[in-house]
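Biologist: Got a moment to go through this model with me? I'd like to start with the pockets and then wander around the rest.

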Amino acid sequence: MLTNHAKLMQFFSVANEVTGRKKLQKMIYILQKCDMPFEEKYQFHFYGPYSEELSLRTEELCNLGFIAEEKKDKSNYFQYNYSITMDGQEFLNQFKLDMPDMTKQVWLLKGKSSRFLELVSTMLYFDDLTEMDMIEKIHTVKPKQKYTNDDITEASQFIKSINPPH
């Protein structure tokens, strides 16, 4: 078992359950941007930052029986719920993993909608831009989301609260 798989299992152990693939992608990306040692590579995709590596690792952990994936039919789409299994927790308890405590950040992220996390992760993805350029970029790459200035202000304040300066 690779360390990156164990880090992901540690995340699930803290989160208990994550509802939605998009939310999972955004949560791990945001945690990575908060200096948590996740090493998945991300590129910009339809719904913001996306990691093929994260999708594959999650699938592998499901195939090993360490993560449970529950597929729910939501009339016009499927929603996936993920949680760590007893086997996964047992394995994690035996694995020596040096991870900072991410409990506070994980629970703050879990309390937010996928739409909001999409905005936060997009802002973090373009954090090398000036604030004005970032806002323009958000409206360019996310026109269908119709993010308001209030949404962007809220996301900016959330980023500061979840990742205080070191």
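**Pockets, a helix, a sheet and two loops**

Modeller: Sure, and keep in mind that this is a predicted model. In the largest pocket, α2 gives the largest share of the lining, six residues.

Biologist: How much space lies in that largest pocket, and which residues are closest to its centre?

Modeller: The space in the largest pocket comes to about 580 Å³. There are 26 lining residues, and the ones closest to the centre are Gly20, Arg21, Lys22, Gln25 and Tyr80.

Biologist: Which elements give two or more residues to the lining of the largest pocket?

Modeller: We've already met α2, with its six residues. The full set with two or more residues is α2 (21-33), β3 (48-50), α3 (52-63) and β5.

Biologist: And by class, how do the residues of that lining divide?

Modeller: Gly counts as polar here and Tyr as nonpolar. On that basis, the lining of the largest pocket divides into eleven nonpolar, nine polar and six charged residues.

Biologist: What about the second largest pocket: which element supplies the largest share of its lining?

Modeller: That pocket holds about 230 Å³ of space. Its lining includes Met123, Glu131, Ile152 and Lys160, and α6 (114-125), α7 and α8 each supply at least two residues. The largest share, six residues, comes from α8.

Biologist: How many nonpolar, polar and charged residues does the lining of the second largest pocket have?

Modeller: Among the lining residues are Leu124 and Met134, along with Asp127 and Asn149. Leu and Met count as nonpolar, Asp as charged and Asn as polar. Overall, the split is six nonpolar, three polar and three charged.

Biologist: Back to α2. Is that helix mostly covered or mostly exposed?

Modeller: A residue is called buried when its relative accessible area is under 20%. In α2, the buried ones include Leu24, Gln25, Ile28 and Leu31. Ten of the 13 residues in α2 are buried, so by that cut-off the helix is mostly covered.

Biologist: How far does α2 reach from its first C-alpha to its last?

Modeller: At 1.5 Å a residue, 18 Å is expected for the 13 residues of α2. The model is close to that: the reach is 19 Å.

Biologist: Which residue follows α2, and what is its phi?

Modeller: The helix is followed by a residue with a positive phi. This is Asp35, with phi near 70°.

Biologist: Now the sheet. Which are its edge strands?

Modeller: Three strands form an open, antiparallel sheet in the order β1-β5-β4. An edge strand pairs on one side only, and here those are β1 (17-19) and β4.

Biologist: By how much are neighbouring strands of this sheet turned against each other?

Modeller: Take β1 and β5 as one pair: they are antiparallel over three bridges, with Glu17 opposite Ser83 in β5. Ignoring direction, neighbouring strands in the sheet are turned on average by 20°.

Biologist: Where is Ser75, and is it buried or exposed?

Modeller: Ser75 lies in the loop between β4 (67-73) and β5 (78-84), and its phi is positive, near 55°, though it isn't a glycine. Its relative accessibility is 75%, and the cut-off is over 50%, so Ser75 is exposed.

Biologist: Last one: Lys146 has a positive phi too, so what is the value, and why is the residue called exposed?

Modeller: Phi of Lys146 is near 50°, and the residue is found in the loop between α7 (131-141) and α8 (149-162). Lys146 is called exposed because its relative accessible area is over 50%, at 64%.

Methods. Residues numbered from 1 in each chain as written. Predicted model: local features only at pLDDT ≥ 70, side-chain atom pairs only at ≥ 80, totals over all residues. Heavy atoms only, no water. Helix = DSSP H or I, 4+ residues; strand = E, 2+ residues; numbered from the N terminus. Buried < 20%, exposed > 50% of the residue type's maximum accessible area, 1.4 Å probe, protein only. 1 Å grid on protein atoms, 1.4 Å probe; cavity = no way out; pocket = protein on both sides within 12 Å on 5 of 7 lines; lining within 4 Å. Points joined across faces, edges and corners; volume = space filled by probe spheres on them. Expected span 1.5 Å × (residues − 1). Pairing = 2+ DSSP bridges. Axes fitted to C-alpha atoms, helices over the stretch in contact; angles between N-to-C directions.
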